[in-house]
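Reader: I am new to this structure and would like to walk through it with you. Could you show it to me first?

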Amino acid sequence: MKIIICEGITEIALVHSLNGKISQSFGVDKLNSIGHSPVNVAEDIHLVNLKGNTNINSVVKTLCKTLVDTEVDKIGFIMDADNNFNAMKDNLNEKIEKFKKAGIEAEFDYYILPKNDGTFGMAEDLIMTGLYKQNLMSVINNQVYPIIDNHPEKDIKNPSKTKLMLFGATQDPQSSSASFMLTRASSLIDINSSIFDDLKKFIADIVD
């Protein structure tokens, strides 16, 4: 059994889009059905959707109990760095230790988005660098977003999500979320771009 634990639906959609073995055997219409319990998406490959990093403690605690008598080969995490890469790295190492103390003997690894190299950010940042329409994205980044960000009535909690939503609103079909763009409007995103190579390799190393 191989398991990839994802922070949210965007990361789930990334995994689905970047791995042929999964995308060929699990329909995009089923992605929203993936929750805190492992869902079989291909052969012995399972996905877990934390539905937010605040749920990681409770989900890992439950998995430690439910997987204890199961043969698990590999467990991988795909999480966002947000504004503190080292904090996420420490958090994931702590969760891996919990699995090990529970008696789950598996290979463990993690990929911290956007680049797994200490860079701050999230899945949306990686996706924005992979868009075909970089000229439009540049206008949003350098002209449109700064005007909105300086407006007194704005209340932006997540700049990266906001910028990608602005981009999605300019397309047909309009797509307000990164996961929608990945699963139903993939013509907007160059899945074969080299910027996704490291993440593709990480996913392949877990599922192969």
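Reader: Thanks! Where is Pro173 found?

Author: Happy to help, and please keep in mind that this is a predicted model. The peptide bond from Asp172 to Pro173 is cis, with omega near 5°. As for its place, Pro173 is found in the loop between helix H7 (159-169) and helix H8 (178-184).

Reader: And where does Pro114 lie?

Author: Pro114 also follows a cis bond: the peptide bond from Leu113 to Pro114 has omega near 15°. Strand E5 covers 107-113 and helix H5 covers 123-129. Pro114 lies in the loop between E5 and H5.

Reader: How many disulfides are there?

Author: A disulfide is a covalent bond between the sulfur atoms of two cysteines. To be counted, the two sulfur atoms must be within 2.5 Å. The sulfur of Cys6 has its closest cysteine sulfur in Cys64, and at 18 Å this is too far for a bond. By this rule, the number of disulfides is zero.

Reader: Is Cys64 buried or exposed?

Author: A residue counts as buried when its relative accessible area is under 20%. Cys6 meets this with 0% relative accessibility. Cys64 has 12% relative accessibility, so Cys64 is buried.

Reader: Which residues of H1 are buried?

Author: Helix H1 takes in residues 9-18 and is mostly covered. Eight of its ten residues are buried. Their names are Thr10, Glu11, Ile12, Ala13, Leu14, Val15, His16 and Leu18.

Reader: Which residue forms a salt bridge with Asp208?

Author: Side chains of opposite charge can pair when their charged atoms come close. The count here comes to six salt bridges. In the one formed by Asp208, the closest N and O atoms are 3.1 Å apart, and the partner is Lys21.

Reader: How many residues apart are Asp208 and Lys21?

Author: This pair links distant parts of the chain. Asp208 is in the segment after helix H9 (197-207), while Lys21 is in helix H2 (residues 20-23). Lys21 is partly exposed, with a relative accessible area of 31%. Along the chain, Asp208 and Lys21 are 187 residues apart.

Reader: Which helix do Asp205 and Lys201 lie in?

Author: Asp205 forms a salt bridge with Lys201, with the closest N and O atoms 2.9 Å apart. The two residues are four residues apart, about one turn of the helix. Both of them lie in helix H9.

Reader: Is Lys95 buried or exposed?

Author: Lys95 forms a salt bridge with Glu94, where the closest N and O atoms are 3.3 Å apart. Glu94 is partly exposed, with a relative accessible area of 43%. Lys95, in contrast, has 1% relative accessibility, so Lys95 is buried.

Reader: Which residues form a negative surface patch?

Author: One of them is Glu71, in the loop between helix H3 (56-66) and strand E4 (74-80). Glu71 is exposed, with a relative accessible area of 64%. The negative patch is formed by Glu71, Asp73, Glu107 and Asp109.

Reader: How much accessible area do Val139, Val144 and Ile148 have together?

Author: These residues form a nonpolar patch on the surface. Val144 is found in helix H6 (residues 134-149), and Val144 is partly exposed, with a relative accessible area of 33%. Together, Val139, Val144 and Ile148 have an accessible area of about 170 Å².

Note on methods
Residues are numbered from 1 along each chain as its sequence is written. This is a predicted model: local features need pLDDT of at least 70, side-chain atom pairs count only at pLDDT 80 or more; totals for chains, interfaces and linings use all residues. Side-chain values use heavy atoms; hydrogens and water are left out. Buried means under 20% relative accessible area, exposed over 50%, partly exposed in between (1.4 Å probe, protein chains only). Patches are made of residues with over 30% relative accessible area and no salt bridge: like charges are joined within 9 Å, nonpolar side chains (Val, Leu, Ile, Met, Phe, Trp, Tyr) within 5 Å. Accessible areas come from the Shrake-Rupley method with a 1.4 Å probe; for residues, only the protein chains shown count as cover. A salt bridge is a side-chain nitrogen of Lys or Arg within 4 Å of a carboxyl oxygen of Asp or Glu. Lys and Arg count as positive and Asp and Glu as negative; His and the chain ends are not counted. The place of a charge is taken as NZ of Lys, CZ of Arg, CG of Asp or CD of Glu.
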